[in-house]
Amino acid sequence: AIQGSGEMRDYDTGRWGVAFVFSLRGSVIPKALAWAVLGALVSVAVHFFIHTADAWNARVYERLGDNLGSSQVWTGYNFLLGFLLTFRTGKAYSRWWEGGTLLQQARGEWFNAFS
């Protein structure tokens, strides 16, 4: 099948009927794995920096003090994250509810057309 032609893909299911699960052709796993590995590398780097730079951080805090306002930054981040999560959840629920309403309306119109 030609990619993007709108044709149905044919998968070889194998002897037991589950071989297609392990196929990378047409799968999102390679792209998702690339992002996952990138995120894992960044988190390992941050973890390494935090746990090996304690002495350096102590010297910086002695000179600057805790002027970074880390508690205020954390509070602002949590507020923004909570607000966005609540807004997006409400928006998704309203779209779902609207879809259900339109589906019931279409069902009613089909019922009336055939009655």
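Let us start with Asp10, which counts as exposed because its relative accessibility is 65%, above the 50% that marks the exposed class. Asp10 is found in the segment before H1. If you follow the chain from there to Phe20, you move 10 residues along, and the C-alpha atoms of Asp10 and Phe20 are separated by 9.8 Å. Please keep in mind as you look around that this is a predicted model.

Now step back to the whole chain. Its secondary structure comes to three helices and zero strands, so from the N terminus on the elements simply read α-α-α. How much of the chain is buried? Buried residues make up 2% of the 115 residues. The accessible surface comes to about 11100 Å², and carbon and sulfur atoms account for 67% of that surface.

How far can you trust what you see? The mean pLDDT of the chain is 80, with 75% of the residues reaching 70 or more. Among the elements, helix H3 has the highest mean pLDDT, at 91, while helix H2 (residues 54-64) has the lowest, at 64. Where pLDDT is low, the predicted coordinates should not be read in detail.

Let us turn next to a nonpolar patch on the surface. Which residues form this patch? They are Leu24, Val28, Ile29, Leu33, Val37 and Leu41, and together they have about 610 Å² of accessible area. One of them, Ile29, is a handy place to pause: Ile29 sits in helix H1, which covers residues 29-52. With a relative accessible area of 47%, Ile29 is partly exposed, because this class lies between the 20% and 50% cut-offs.

The aromatic side chains deserve a visit too. A search of the whole structure finds six aromatic pairs. Take Phe79 and Phe83: their ring centres are 6.4 Å apart and their planes meet at 20°, so this pair is stacked, given that planes under 30 degrees apart count that way. Both residues lie in helix H3 (residues 70-114), four residues apart, which is about one turn of the helix. Are these two residues buried or exposed? Phe79 is exposed, with a relative accessible area of 62%, whereas Phe83 counts as partly exposed at 48%.

Trp110 and Phe114 form another stacked aromatic pair, with 5.8 Å from centre to centre and 15° between the planes. Here again, both residues lie in helix H3 and are four residues apart, about one turn of the helix. Trp110 is exposed, with a relative accessible area of 57%, and Phe114 is exposed as well, at 69%.

One last stop brings us back to Phe79 and Phe83. Ring pairs link these two with Phe87 into a cluster. As you rotate the model, you can therefore look for Phe79 in two settings: in its stacked pair with Phe83, and in the cluster that also takes in Phe87.

Key:
Residues are numbered from 1 along each chain as its sequence is written. Side-chain values use heavy atoms; hydrogens and water are left out. Patches are made of residues with over 30% relative accessible area and no salt bridge: like charges are joined within 9 Å, nonpolar side chains (Val, Leu, Ile, Met, Phe, Trp, Tyr) within 5 Å. Accessible areas come from the Shrake-Rupley method with a 1.4 Å probe; for residues, only the protein chains shown count as cover. A salt bridge is a side-chain nitrogen of Lys or Arg within 4 Å of a carboxyl oxygen of Asp or Glu. Helices (H or I, at least four residues) and strands (E, at least two) are DSSP runs, numbered from the N terminus. Buried means under 20% relative accessible area, exposed over 50%, partly exposed in between (1.4 Å probe, protein chains only). Rings of Phe, Tyr and Trp (its six-membered ring) pair if their centres lie within 6.5 Å; planes under 30 degrees apart count as stacked, over 60 as edge-to-face and the rest as tilted. pLDDT is the predictor's confidence in each residue, from 0 to 100.
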